[in-house]
Amino acid sequence: MLSFSPPVSLYAMPVTLGTMASPLKSLVIDDNRYQEAFHLFLERSSEHQCMRDFIQKKLPDILASIGDGKSQLNVIGVGSGAGEIDLEMLSELHQKHPKVMVDNEVVEPSSQQLHNYKVLVSQKPELNYAKFTWNKMTASEFEEQWKLKKMTKKADFIHMIQMLYYVKDPGATISFFQSLLDKNGKILIILVSGASGWGKLWRTYRTQLCNTEISQCVTTGDIKSFLDSKGVNYQSYELLSQMDITECFTEGDRKGELLLDFLTEALNFSKTASPELKAGVLKLLRHPDCSVEDKGRVIFNNNLGVIVIDQQT
Ligand SMILES: C[S@@+](CC[C@H](N)C(=O)[O-])C[C@H]1O[C@@H](n2cnc3c(N)ncnc32)[C@H](O)[C@@H]1O
């Protein structure tokens, strides 16, 4: 299921998850708590490490053919966060195409994240081959502006890393960015894998956890089905990743509660979910379908999926 309505801006009014009876609110409405939970998730997981491995080992070959000999490469990063992963990719791009300039459009609605990204760039003088354009907006606002300004610029590399959960219609978002691809251009999408613990959690508790207009439970499995239905060719990869969720099982543990918020995408899940839902989610999280137990730690399957779409000729 890739299409939802009606549209709601990420930082708009509080939106409740689930049916009228559900008291759950989306974590995303509280940007501070969301960012805190996301940072803790990065600390407790191998999320960025597995992306870095992919970026260093596989991405260079993927990037080798883009650009078609041009002297400038146009890149668009959508939902870039603080830019750590974007800059790793830019570095690989530069190594593959050392003589070209890079025009990098950053699309990111969080001012805090955009600020952190700018600080990171300012600390790296070696990025003198890249020009940054900062778009403090959502993907759909970017699309709207692009169309309004009748932009004709084409892109050689577009990436959307762990962000398609936050758009109203992931399929339409992919189709728009596909339309911007230049000859030999590529789109890179990373989301949780359908075969991860996330996939199992979302399939089991879809009505309770995924019934929201501002964040949704989409995996690379869903994106592949969408692309297959449109006859779009793509390559895909699975990245092994883990997340230590042990603290989630200590009642009242602040970090455990933050991680639980991140896992359920619900604000203060521990305090606002019904006792049945909370018990069910906690039981499933440590079930072998989602996690393994190792030396007293509960290790959640955080495997990611990567999809690479070429400009279709
Ligand atoms: C999970 S973070 C991923 C950040 C980064 N790509 C990474 O992997 O570290 C999701 C990012 O998407 C941004 N975001 C949320 N809604 C968005 C939207 N509608 N359009 C574009 N970006 C969005 C958030 O502000 C956040 O920085």
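This passage describes the ligand site, the cysteines and two loop residues of a predicted model.

The ligand is surrounded by 18 residues. Of these, His48, Gly79, Glu108, Ala139 and Ile161 come nearest. Sorted by class, the shell holds nine nonpolar residues, eight polar residues and one charged residue. Three polar contacts to the ligand can be described. A polar atom in the side chain of His48 sits 2.8 Å from a ligand oxygen. Glu108 also uses its side chain, with a polar atom 2.6 Å from an oxygen of the ligand. Gly79 contributes through its backbone: an N or O atom there lies 2.9 Å from a ligand nitrogen. The ligand on its own exposes 590 Å², and 97% of that area is buried by the protein.

Glu108 deserves a fuller description. This residue belongs to the loop that runs between strand β3 (101–107) and helix α5 (111–122). Its relative accessibility is 7%, so Glu108 counts as buried. Beyond its neighbors up to four places away in sequence, Glu108 touches Gly79, Ser80, Gly81, Gln113, Leu114, Asn135, Lys136 and Met137. Gly79 is thus both a contact of Glu108 and one of the residues that come nearest to the ligand. Two backbone nitrogens are reached by the Glu108 side chain. That of Ser80 is 3.3 Å away. That of Gly81 lies 2.8 Å from a polar side-chain atom of Glu108. Ser236, by contrast, is far along the chain: Glu108 and Ser236 are 128 residues apart in sequence. In space, their C-alpha atoms are 25 Å apart.

The cysteines were examined next. The model contains one disulfide. This bond links Cys210 with Cys217, at a sulfur-to-sulfur distance of 2.0 Å. The angle about the S-S bond is -95°, and the link is left-handed. Cys210 and Cys217 are both buried. Cys50, in turn, takes part in no disulfide. Its nearest cysteine sulfur belongs to Cys290 and is 18 Å away. Cys50 is buried because its relative accessibility is 7%, under the 20% limit. What keeps Cys290 from a bond with the closest cysteine sulfur? That sulfur, in Cys248, is 12 Å from the sulfur of Cys290, and therefore too far for a bond. A disulfide would need the two sulfur atoms within 2.5 Å. Cys290 has a relative accessible area of 1%, so this cysteine is buried as well.

Backbone angles single out two loop residues. Most residues other than glycine have a negative phi. Asp68 has a positive phi, near 55°. This residue is located in the loop between α3 (59–64) and β2 (72–78). With 44% relative accessibility, Asp68 counts as partly exposed. Gln162 likewise has a positive phi, near 55°. The loop holding Gln162 runs between β5 (155–161) and α7 (170–179). Is Gln162 buried or exposed? Its relative accessible area is 14%, so Gln162 is buried.

Note on methods. Residues are numbered from 1 along each chain as its sequence is written. This is a predicted model: local features need pLDDT of at least 70, side-chain atom pairs count only at pLDDT 80 or more; totals for chains, interfaces and linings use all residues. Side-chain values use heavy atoms; hydrogens and water are left out. A residue is near a molecule or strand if one of its heavy atoms lies within 4 Å of it. A polar contact is a pair of N or O atoms within 3.5 Å; within protein, one must be able to donate a hydrogen and the other to accept it, and residues adjacent in sequence count only if both atoms are side-chain atoms. Accessible areas come from the Shrake-Rupley method with a 1.4 Å probe; for residues, only the protein chains shown count as cover. Ala, Val, Leu, Ile, Met, Phe, Trp, Tyr, Cys and Pro count as nonpolar, Asp, Glu, Lys and Arg as charged, and the others, Gly among them, as polar. Buried means under 20% relative accessible area, exposed over 50%, partly exposed in between (1.4 Å probe, protein chains only). Helices (H or I, at least four residues) and strands (E, at least two) are DSSP runs, numbered from the N terminus. Contact means heavy atoms within 4.5 Å.
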